[in-house]
Amino acid sequence: MKKRNNAVLLSTPYLLWMVAFTLIPLGVVAYYALTDPATGVFSFRNLKELGMYLPVLWQSIVYSLASAVICLILGYPVAYCIAQCRPATQKFLYMLVMLPMCMSFLLRTLAWVGLLQDTGILNSLLSRIGIGPLKMIRTPGAVILGMVYNYLPYMILPLYATIVKIDHRLIEAAEDLGCNGVQVFGRVVLPLSVPGILSGMTMVFVPSVSTFYISQKLGGTDTVLIGDVIERQFKQGNNPNLGAALSLVLMLLVFVCTGIMNCFGGDSEEGGVIV
Amino acid sequence: MKRTNRILTTLIFIFLYIPMVVLIVASFNTGKDITQFESFTFQQYARLFQDSSLLELLGNSLIVSVLASFCATIFGTVAALGIHNLNPRMRKAAMTLTNIPMTNPDIVTGVSLSLLFVFVGTRMLGQRNSLTFWTLLIAHITFNLPYVILNVMPKLKQMDKSLTDAAMDLGCTPVQAFFRVTLHEIMPGIVSGAIMAFTMSLDDFVISYFVSGLDFVTLPVEIYSYTKKPLQPKIYAMFTLLFLLILVLMIAMNLIQVYGDRKKTQSRTAGI
């Protein structure tokens, strides 16, 4: 009984802090979303304006789904390859994947601007072998490339963590029972790495769908994402109420998506998604 | 099959490191343009140390991230101990609350905290300037806490409960048992939580961008406002130095781990 009291005593300050700085702020967002920017009285004006931004929202979802799928296709072989190395090499390669995550993502994205520009590094290399300047920057492709580049480690790390845990005896058993390499992969390895795939997809999708820096730097006027719109409402447009309404929509979208992912995953361990 | 996989992996590692190479090369360039290499120089490094404005910003970032991760580590560890002993229903509620900042997009966390601070500061307290160093610190502690808790909780779960009972049977008070037994057992979780919190804090741009005021700005936020103007090349010099620093730190940690593992297996075989 005393232990329970201690537990309540130790955890209450934390719970109060989290309520004050995560739940209440979300309430404030809802309050701003439901009040008129000019008069401050309750209104649905912001919610009515949301319809205008449906194409932008749709575009954000399409781009970030595309980048999550590309990350999976590129990240799976890497994670699989790392998991098959010797333990010391595994640790080293894991570090190499982590390292870019620790460096300023603003500057790294800016380096891509230098690479993709019309007079950029890639185009000057291409012109040497006689291929005319390609239009790479300010295209949807460039935005998706930026997302894939920035969030690929978030795919590789959880994938690696699940693949490395697969019991090697299962693979040997499948081989003994007559599976060839492709069958072993399709029937044993791939199904067992589903949890990693799902958490990787979520970890790429969530930051991609809400980014504003990548689309500002690598995209053009037709690749505006929902994050851009929110940022502009707060930092330039001075309509925080509309920005708040859009943030609510974004939050709901992410909750629905992670909910769907969790449903497919089946096992909802407390502790959630973490590398 | 295996070979193609290996080639693909190498290519993807190259893809991950190309932009860094571009930035490092740019730090030795006399010209300002990242796309054209004019000639080799160390001048950018000299400029970085002559003009202390960038170093000051880096200092600001370090102050926030050290303070925030330190507070979050202690606060989070205490909270994890409490949550671990709560009844299951309360524990589930606490973990759901912990997961909210993890699943919410950064921009939503940033926007919601900034609206809260402005709402409380301007409307309720009547301050003119409601976004300060302290709001930035609160925001950083808030998004650091879940990392600490999610790293410490599994260690608490793995821990053998009879260890603390044994310590208390042998005459420890509960507090002594905590410091001599429990803390030792969960230390790896605390350390990895603290490191994660620190790096997240140091690298954070989106949340800081929304909650920081004009009088205290961290490095990433300032870099963002730089990137709207032509960039000063000395920033590439700073990037290169930070890159080297982190690389050395990571390799050192790696070697210590590998060495530790080897020692462990050696002592185990010796024991048999």
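Q: How many salt bridges does the rule find across the interface of chain A and chain B?
A: In this predicted model the rule finds zero across that interface, where a salt bridge requires a side-chain nitrogen of Lys or Arg within 4 Å of a carboxyl oxygen of Asp or Glu. Local features need pLDDT of at least 70 and side-chain atom pairs pLDDT 80 or more, whereas totals for chains, interfaces and linings use all residues. Residues are numbered from 1 along each chain, chains are lettered from A, and side-chain values use heavy atoms, without hydrogens and water.

Q: What makes A:Arg45 and A:Glu49 a salt bridge?
A: Their closest N and O atoms are 3.6 Å apart, and the cut-off is 4 Å, so the pair qualifies. Because A:Arg45 and A:Glu49 are four residues apart in helix α2 (residues 45–49) of chain A, about one helical turn separates them.

Q: How do you know what area is buried between chain A and chain B?
A: Buried area is the accessible area (1.4 Å probe) that two parts lose on being put together, summed over both; for chain A and chain B this comes to about 7700 Å², of which carbon and sulfur atoms give 77%.

Q: What makes residues of chain A and chain B count as in contact?
A: Contact means heavy atoms within 4.5 Å, and by that rule 87 residues of chain A are in contact with 83 residues of chain B.

Q: Where in α3(A) does a kink lie?
A: The kink, of about 35°, lies at A:Gly75, shortly before the proline A:Pro77, the bend being the angle between axes fitted to the seven residues ending there and the seven starting there.

Conventions:
Helix = DSSP H or I, 4+ residues; strand = E, 2+ residues; numbered from the N terminus.
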